[in-house]
Amino acid sequence: GVIAEVFKRFGTTNKIAVEFGTEDAQEVNSRRLWEQEGWRAILLDGSHENASLHANATLFRHFITRENIVDILQLRGVPESPDLMSIGMFHVAWSWA
């Protein structure tokens, strides 16, 4: 896919993916990376959590706002520059305004 091609061309630094607004994590942009390529994924959603989603992926329940995003990322051990960050939230403009 497109994401795999981007990393094939540009490489990786830490193979960490972070996604917001993942719902139950069944359809996420990073799925192939953590299921087949050994990446670590930190998935965040306001309504779902699943600590045993996959050996390389954890879904945490957090409602993301501009006031709490940095604290949540730090709490979950996200490095300052993860290789992939995907935002799939409704009302993104409101969240970051």
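**Close-up views of a predicted model**

**View 1. Lys-15 in its loop.** Lys-15 counts as partly exposed, because its relative accessibility is 38% and the partly exposed class lies between the buried limit of under 20% and the exposed limit of over 50%. The model shown here and in the views that follow is a predicted one. Lys-15 belongs to the loop between α1 and β1, the latter covering residues 16–20. Although Lys-15 is not a glycine, its phi is positive, at about 50°.

**View 2. Thr-22 and Glu-23 in the loop that follows β1.** Thr-22 lies in the loop between β1 and α2, and Glu-23 is likewise placed in the loop between β1 and α2, where α2 takes in residues 31–36. Thr-22 has a relative accessible area of 5% and is therefore buried, whereas Glu-23, at 47%, is partly exposed. When residues up to four places away in sequence are set aside, Thr-22 touches Val-28, Leu-43, Leu-44, Asp-45 and Leu-59. For Glu-23, a residue other than glycine, phi has a positive value near 55°.

**View 3. Strand β5 and its pairing with β1.** Strand β5 is made up of residues 84–87, and its two faces differ in cover: Leu-84 and Ser-86 form the covered face, while Met-85 and Ile-87 form the uncovered one. Strands β1 and β5 run parallel and are joined by four bridges. Ile-87 in β5 is the bridge partner of Phe-20, and Ile-87 also belongs to the uncovered face of β5.

**View 4. A nonpolar surface patch that includes Val-2.** On the surface, Val-2, Val-6 and Phe-10 form a nonpolar patch, and together these residues have about 360 Å² of accessible area. Val-2 is found in helix α1, which covers residues 2–10. With a relative accessibility of 69%, Val-2 counts as exposed, because the exposed class begins over 50%.

**View 5. The whole chain, for orientation.** The chain contains four helices and five strands, which follow one another along the sequence in the pattern α-β-α-β-β-β-α-β-α. Its radius of gyration is 13 Å, close to the 13 Å given by the globule rule for 97 residues, so the chain is as compact as a globular protein of that length. The C-alpha trace spans about 35 × 30 × 25 Å along its principal axes. Of the 97 residues, 36% count as buried, and the chain exposes about 6200 Å², of which carbon and sulfur atoms supply 50%. Among the contacts between residues at least 6 apart in sequence, 52% join residues at least 24 apart.

Notes:
Residues numbered from 1 in each chain as written. Predicted model: local features only at pLDDT ≥ 70, side-chain atom pairs only at ≥ 80, totals over all residues. Heavy atoms only, no water. Patch = residues over 30% accessible without salt bridge, like charges linked within 9 Å, V, L, I, M, F, W, Y side chains within 5 Å. Areas by Shrake-Rupley, 256 points an atom, 1.4 Å probe, with all protein chains shown as cover. Salt bridge = Lys/Arg side-chain N within 4 Å of Asp/Glu carboxyl O. Buried < 20%, exposed > 50% of the residue type's maximum accessible area, 1.4 Å probe, protein only. Contact = heavy atoms within 4.5 Å. Pairing = 2+ DSSP bridges. Rg over C-alpha atoms; globule rule 2.2 N^0.38 Å.
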